[in-house]
Amino acid sequence: MNKMKRLLSVYHPIAQILILGTALISLTSAMSIPFLAVYLNKHTQLSYAVIGMIVGAGPLAATVGGFIGGILSDRFGRKVLMFGSLCSLAVVFVLLILVTNPFLLFLLSMIRGLATSFFSAVSKALMGDITPQDKRFKLFSTRYLAVNLGYALGPMIGANRGLEGSSIAFQLTGTVYLLYALILLIGFKKCSIVKPGESNGSEDGITIISAVNIIRRDSILLFFILGGISLTIVHGEMSVYLSQYVSEQFEEGVTLFSYLLSVHGFTIVLLQAPITKMLEKYKGLQTITMGSMLFALGEVGFAFSTNEGLLMLSMIVFTIGEILVIPSEYALIDVITPEKVRGTYYGAQEFTQLGGFIGPWLAGLILSSYGGKAMFIAMSGISLFSLLFYAKGWKMYRIKQSSAKHGPSLDDKVCF
């Protein structure tokens with residue numbers, strides 16, 4: 001606890017609230033969202049593919065929501081969007097257990113994705129606003145650690161209390177979102193924040209059209225986003241297709257899946273610091289390459305696992321890949337982001353969430369038609385394919401840096 005206090009003390013109080021709130025939300029969400037597919041399978045007659053589309057509707061909405069949220073935050077400020085998003089999520093989690101109509105479930109999932117992406121893009125932009133540049137990468141890593149601390153403890157607590165995927169878990173998550181919104185509102189009132197996004201009207205006059213033009217002209221960002229979409233197909237909603245497979249193929253599959261999620265979370269909590277230190281000499285493209293290869297290896301492991309031990313080992317391999325990939329993706333975007341439109345660029349990164357829609361739907365189709373092995377092997381191939389986009393974007397950035405002969409070098413900025 002004292003170590004956590006020292007870790008957070010170097011950041012702005014609002015950043016501390018955001019990190020601690022993220023950990024708490026992750027703790028309760030880990031008992032509900034990863035089990036949504038299993039919950040719907042038990043309480044509805046929907047197919048794997050349809051359930052995958054419903055769960056994936058959230059990331060589909062996030063592809064647009066984060067982008068628009070980032071733009072609006074650059075123009076009108078962060079506070080209103082963040083508070084409204086958290087309140088919306090509180091309502092959605094309660095309604096998810098009261099609705100059985102597939103159309104309404106799809107709509108609620110989209111609202112969840114929209115609100116989550118608004119909050120994600122705006123909160124990351126706000127954290128960038130109130131944190132010195134040399135501390136941002138560490139802050140993003142701390143946020144990532146907080147998310148996975150919640151996901152390490154949540155499934156274990158849920159499994160021991162019989163809450164995993166239950167209606168009580170969804171109600172608890174909704175309540176925590178509401179409390180988080182109120183605490184954040186109090187924090188905003190007590191802490192004065194002067195940042196670019198809080199002015200009345202942006203000096204840049206960012207609109208949706210002008211933002212689209214900014215992104216369209218930045219080919220480097222486009223290739224990084226395409227690479228991110230491909231990787232998000234694999235890891236973004238991995239819990240959906242893995243839960244469907246494990247719950248059907250293994251005895252006590254739901255409980256086993258709970259422990260797999262805890263293995264995922266604890267692997268990140270325990271190994272993130274030593275792995276990042278060990279690999280600090282490697283650069284952005286190298287770490288993403290290693291991470292993608294570990295994703296592929298983990299997926300192959302899932303395909304051929306015949307017992308719980310092999311599944312857990314495959315999850316550890318997969319998770320180490322995630323440790324390498326996710327902070328590097330944040331850092332890549334941060335390096336190429338112009339200071340005054342950070343919200344727009346961070347919002348544009350949410351386009352990678354399109355992979356979170358494609359993944360469950362595509363995996364559900366393959367699982368229904370060809371079985372689990374084919375599904376996992378397909379995901380392995382997609383992970384490796386993503387490297388083509390990152391390599392192209394990296395090459396373009398290096399050429400740009402070589403031509404400009406000034407500004408921070410990507411090799412110096414994007415590392416562990």
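A residue counts as exposed when its relative accessible area is over 50%, as buried when that area is under 20%, and as partly exposed in between. These terms are applied below to a predicted model. E252 has a relative accessibility of 58% and therefore counts as exposed. The residue sits in the loop that joins α11 (238–249) to α12 (253–278). Its backbone is also notable in one respect: E252 is not a glycine, yet its phi is positive, at about 55°.

The chain as a whole contains 18 helices and zero strands. Among its 416 residues, 56% count as buried. The accessible surface comes to about 17,300 Å², and carbon and sulfur atoms account for 65% of that area. Of the contacts in the chain with a separation of 6 or more, 85% are between residues 24 or more positions apart.

Two helices were compared with the span expected from their number of residues. Helix α8 (residues 167–190) has 24 residues, and the distance from its first C-alpha to its last is 35 Å, close to the expected 34 Å at 1.5 Å a residue. For α10, with 17 residues, the expected span is 24 Å, and the end C-alpha atoms are 24 Å apart, which agrees.

The surroundings of these two helices were then examined. In α10, 13 of the 17 residues are buried, so this helix is largely enclosed by the rest of the structure. The buried residues of α8 include F170, Y177, Y180 and F188, together with smaller side chains such as A169 and A181 and the glycines G174 and G187. The cover over the buried residues of α8 includes α2 (13–29), α3 (36–43), α5 and α6.

Helix α6 (residues 102–129) contains F118. The relative accessible area of F118 is 14%, and the residue is therefore buried. F118 and V64 are 54 residues apart in sequence, while their C-alpha atoms are 9.3 Å apart in space. Helix α5 (residues 79–95) contains L95. With a relative accessible area of 32%, L95 is partly exposed. L95 also belongs to a nonpolar surface patch of about 330 Å², which is made by V91, V94, L95 and L98.

Aromatic side chains were considered next. A pair of aromatic rings is described by the distance of the centres and the angle of the planes. The search of the whole structure finds 12 aromatic pairs. One of these is formed by F295 and F318, whose ring centres are 4.7 Å apart and whose planes make an angle of 40°, a tilted arrangement. F295 lies in helix α13 (residues 284–304) and F318 in helix α14 (residues 308–336), so the pair ties together parts that are 23 residues apart in sequence. F295 counts as buried because its relative accessibility is 0%, and F318 is buried with a relative accessible area of 0%.

A second pair, F385 and F389, is edge-to-face, with 5.4 Å from centre to centre and 85° between the planes. F385 and F389 are four residues apart in helix α17 (residues 372–404), which means that about one helical turn separates them. An α-helix has 3.6 residues a turn, so residues three or four places apart point the same way. F385 is partly exposed, at 45% relative accessibility, whereas F389 is buried, at 19%. The value for F389 falls within the buried class because the limit is under 20%.

Ring pairs also link a cluster made of Y241, Y245, F250, F295, F302, F318 and F376. The cluster thus includes F295 and F318, the tilted pair described above.

Helix α14 also holds T319. T319 counts as buried because its relative accessibility is 0%. Leaving aside residues up to four places away in sequence, T319 touches H264, T267 and I268.

A buried residue is also found in a loop. D218 lies between α9 (208–217) and α10 (219–235). Its relative accessibility is 12%, so D218 counts as buried. When residues up to four places away in sequence are not counted, D218 touches I336 and Y345.

Technical notes
Residues are numbered from 1 along each chain as its sequence is written. This is a predicted model: local features need pLDDT of at least 70, side-chain atom pairs count only at pLDDT 80 or more; totals for chains, interfaces and linings use all residues. Side-chain values use heavy atoms; hydrogens and water are left out. Helices (H or I, at least four residues) and strands (E, at least two) are DSSP runs, numbered from the N terminus. Buried means under 20% relative accessible area, exposed over 50%, partly exposed in between (1.4 Å probe, protein chains only). Contact means heavy atoms within 4.5 Å. Rings of Phe, Tyr and Trp (its six-membered ring) pair if their centres lie within 6.5 Å; planes under 30 degrees apart count as stacked, over 60 as edge-to-face and the rest as tilted. Patches are made of residues with over 30% relative accessible area and no salt bridge: like charges are joined within 9 Å, nonpolar side chains (Val, Leu, Ile, Met, Phe, Trp, Tyr) within 5 Å. Accessible areas come from the Shrake-Rupley method with a 1.4 Å probe; for residues, only the protein chains shown count as cover. A salt bridge is a side-chain nitrogen of Lys or Arg within 4 Å of a carboxyl oxygen of Asp or Glu. The expected span of a helix is 1.5 Å times one less than its number of residues.
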